[in-house]
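Biologist: Could you pick one part of this model and take me through it closely? I'd like to know what sits around it and how the rings there are arranged.

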Amino acid sequence: MTRIITYGTFDTFHWGHMSMLQRAREMGDWLAVGLSTDEFNKIKGKHSHFSYERRMEILRGVKYVDLIFPETSWEQKRADIIKYNIDIFVIGDDWRGKFDDLSDLCRIIYLPRSADISSTLIKNSLQK
């Protein structure tokens with residue numbers, strides 16, 4: 001069994017998120033998603049439109065996702081990979097190189113982001 005992990009805020013969920021989760025899941029048999037908590041988003045300088053609980057409910061409805069757990073810090077990734085016996089860590093390519101230090105535990109894959117869509121674009125459009 002190949003086990004995959006990814007992380008994100010998944011705010012204002014859109015087809016780009018769905019595509020990334022689908023591509024990640026196609027790499028293996030099981031997908032875990034570390035969902036950034038509201039508190040961790042504050043540390044990252046982000047503000048989510050939807051609460052952690054609402055974002056979790058949305059992810060629960062995604063057929064590619066097998067497990068959702070809270071992401072509370074940058075440092076937890078190493079422990080999560082060990083805890084969930086992860087084979088592949090998948091993340092968007094805007095993070096390229098940032099998680100290479102985890103390659104001693106699993107394979108790291110940086111996926112291209114979906115063109116022409118982002119949570120930031122949606123939020124900016126809603127504010128107009």
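Modeller: What follows is a walk around one strand, its neighbours and the rings there.

Before we start, this is a predicted model, so to speak a calculated one: local features need pLDDT of at least 70, side-chain atom pairs count only at pLDDT 80 or more, and totals for chains, interfaces and linings use all residues. Residues are numbered from 1 along each chain as its sequence is written, and side-chain values use heavy atoms, with hydrogens and water left out.

Let's settle on strand β1, residues 3-8. Strands here are DSSP runs of E with at least two residues, helices are runs of H or I with at least four, and both are numbered from the N terminus. Six of the six residues of β1 are buried, so the strand is largely enclosed by the rest of the structure. Buried means under 20% relative accessible area, exposed means over 50%, and partly exposed is in between, using a 1.4 Å probe and protein chains only. As a rule, side chains in a regular strand alternate between the two faces of the sheet. In β1, Arg 3, Ile 5 and Tyr 7 take one side while Ile 4, Thr 6 and Gly 8 take the other, and both faces are covered.

Now for the sheet itself. It is open, has five strands in the order β3-β2-β1-β4-β5, and the pairing is parallel. Its edge strands are β3 and β5 (107-111), each of which pairs on one side only. Ignoring direction, neighbouring strands are turned by 25° against each other on average. Helix α1 packs on this sheet and touches β1, β2, β4 and β5, and its direction makes about 140° with that of β2. Axes for such angles are lines fitted to C-alpha atoms, for helices over the stretch in contact, and the angles run from 0 to 180 degrees between N-to-C directions. Contact means heavy atoms within 4.5 Å.

Who are the direct neighbours of β1? On one hand there is β2, which pairs with β1 in the parallel sense over six bridges; on the other there is β4 (residues 88-92), also parallel to β1, with two bridges. Two strands count as paired if DSSP finds at least two bridges between them. Going along the strand, Arg 3 stands opposite Trp 30 in β2, Ile 5 has Phe 89 as its bridge partner in β4, and Tyr 7 has Gly 34 as its partner in β2. The β2 strand (residues 30-36) is mostly covered too, with seven of its seven residues buried.

Thr 6 gives a nice view of the packing. Its relative accessibility is 0%, which counts as buried. Leaving out residues up to four places away in sequence, Thr 6 touches Met 20, Leu 21, Leu 31, Ala 32, Val 33, Gly 34, Val 90 and Ile 91.

Then there are the rings. In general, a pair of aromatic rings is described by the distance of the centres and the angle of the planes. Rings of Phe, Tyr and Trp (its six-membered ring) pair if their centres lie within 6.5 Å; planes under 30 degrees apart are stacked, over 60 edge-to-face, and the rest tilted. Searching the whole structure turns up eight aromatic pairs. In one of them, Tyr 7 and Phe 69 have ring centres 5.9 Å apart and planes at 90°, so this pair is edge-to-face. Tyr 7 belongs to β1 and Phe 69 to β3 (residues 67-71), so the pair ties together parts 62 residues apart in sequence. Both Tyr 7 and Phe 69 are buried. These two also belong to a cluster linked by ring pairs, with Trp 30 and Phe 89 among the other members.

Two charges finish the picture. Arg 3 lies over the face of Trp 30, 3.8 Å from the ring centre, and the charged end of Lys 77 sits over the ring of Tyr 7, 4.4 Å from its centre. A charge sits over a ring if NZ of Lys or CZ of Arg is within 6 Å of the ring centre and within 35 degrees of the ring normal.
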